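Thanks, everyone. Please have the sequence and the model open side by side. I'll go residue by residue, then step back.

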Amino acid sequence: MSTLKNQVQLIGNVGQEPQVTVLDSGKKVARISLATNENFKNSKGEKQTNTDWHQLVAWGKVASLIEEYVFTGKEIAVQGKLSSRSYEDKEGVKRYVTEVIVSEILFLGGNQAS
């Protein structure tokens, strides 16, 4: 069971074009948002959809794959771990962020851009 600690697997659709940055050290980082949908029926039997948004961060080779093959609307599956951090915004307000640090990515669906 020790290998199951802090592991996340998500399947969803990319919400915006990837933001890829090359750092001064030469390391590449990619940031994308991913929408996951949960479909269910309410008490009246009506179909409902609940959408959750996740912020993903990928480094190195995975970032390069995202840069080359990922676009808005693309369906992907990712595996990674949760990471939480805080920072101060321009107004000095402390903000908290939880992100998925992606270790693996799988491209689903077609190769057509939407």
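Start with I105. Is I105 buried or exposed? At 18% relative accessibility, I105 counts as buried, because the cut-off for buried is under 20%. Keep in mind that this is a predicted model. I105 sits in strand β6. Which residues does I105 touch, setting aside neighbours within four places in sequence? The contacts are V62, L65, I66, V70, I76, A77 and V78. Now look across to Q79. I105 and Q79 are 26 residues apart in sequence, yet their C-alpha atoms are 6.5 Å apart in space.

Next, V78. That residue touches I105, as we just saw. What else does V78 touch, not counting residues up to four places away? Its partners also include V8, Q9, L10, L34, L56, V102 and E104.

That brings us to the core. The largest nonpolar core has 17 residues. Which of them have the most contacts inside it? They are L56, I66, I76 and V78. Where does the core come from? At least two residues come from each of β1 (8–14), β3 (28–41), β4 (47–59), α1 (60–69), β5 (75–88) and β6 (94–107). As general background, nonpolar side chains tend to be buried together in soluble globular proteins.

Now the helix. In α1, V62, A63 and I66 are buried. They cover an arc of only 100 degrees around the axis, so they lie on the same side of α1. The general rule helps here: an α-helix has 3.6 residues a turn, so residues three or four places apart point the same way. What is on the other side of α1? K61 and E68 are there, and both are exposed. And what covers the buried residues of α1? The cover includes β3, β4 and β6. Recall that V62 and I66 are also contacts of I105, and that I105 is in β6.

On to strand β3, and S33. Buried or exposed? S33 is buried, with a relative accessible area of 6%. Leaving aside neighbours within four places in sequence, S33 is in contact with N13, V14, G15 and Q16. S33 also contacts W53, H54 and Q55.

Over to strand β5, and K81. At 45% relative accessibility, K81 counts as partly exposed. The sequence separation is worth a look. K81 and Q7 are 74 residues apart along the chain, and their C-alpha atoms are separated by 4.8 Å. Not counting residues up to four places away, K81 touches N6, V8, E99, V100 and I101.

N6 deserves a stop of its own. N6 lies in the segment before β1. What is its phi? N6 has a positive phi of about 50 degrees, although N6 is not a glycine. At 41% relative accessibility, N6 counts as partly exposed. And K81 is the residue we just saw touching N6.

Now the other end of the strands. L108 is found in the segment after β6. L108 is partly exposed, with a relative accessible area of 23%. What does L108 touch beyond its neighbours within four places? I11, K74, E75, I76 and A77. I76 ties back to the core, where I76 is among the residues with the most contacts. Compare L108 with S84. Those two are 24 residues apart along the chain, and their C-alpha atoms are separated by 27 Å.

Let's step back to the whole chain. How many helices and strands? The protein chain has one helix and six strands. Along the sequence, the pattern reads β-β-β-β-α-β-β. The C-alpha trace spans about 55 × 40 × 40 Å along its principal axes. Of the 114 residues, 27% are buried. For contacts between residues at least 6 apart in sequence, 58% join residues at least 24 apart.

Last, the surface and the charges. The chain exposes about 8100 Å², and carbon and sulfur atoms supply 47% of it. There are 14 positive and 13 negative charges. How far apart are their mean positions? They are 4 Å apart.

That's the tour. I'm happy to take questions.

How values were computed
Residues numbered from 1 in each chain as written. Predicted model: local features only at pLDDT ≥ 70, side-chain atom pairs only at ≥ 80, totals over all residues. Heavy atoms only, no water. Core = buried A, V, L, I, M, F, W, Y, C linked by side-chain atoms within 4.5 Å. Buried < 20%, exposed > 50% of the residue type's maximum accessible area, 1.4 Å probe, protein only. Helix = DSSP H or I, 4+ residues; strand = E, 2+ residues; numbered from the N terminus. Contact = heavy atoms within 4.5 Å. Areas by Shrake-Rupley, 256 points an atom, 1.4 Å probe, with all protein chains shown as cover. Lys, Arg positive; Asp, Glu negative; His and termini not counted. Charge placed at Lys NZ, Arg CZ, Asp CG, Glu CD. Arc of directions from axis to C-beta.
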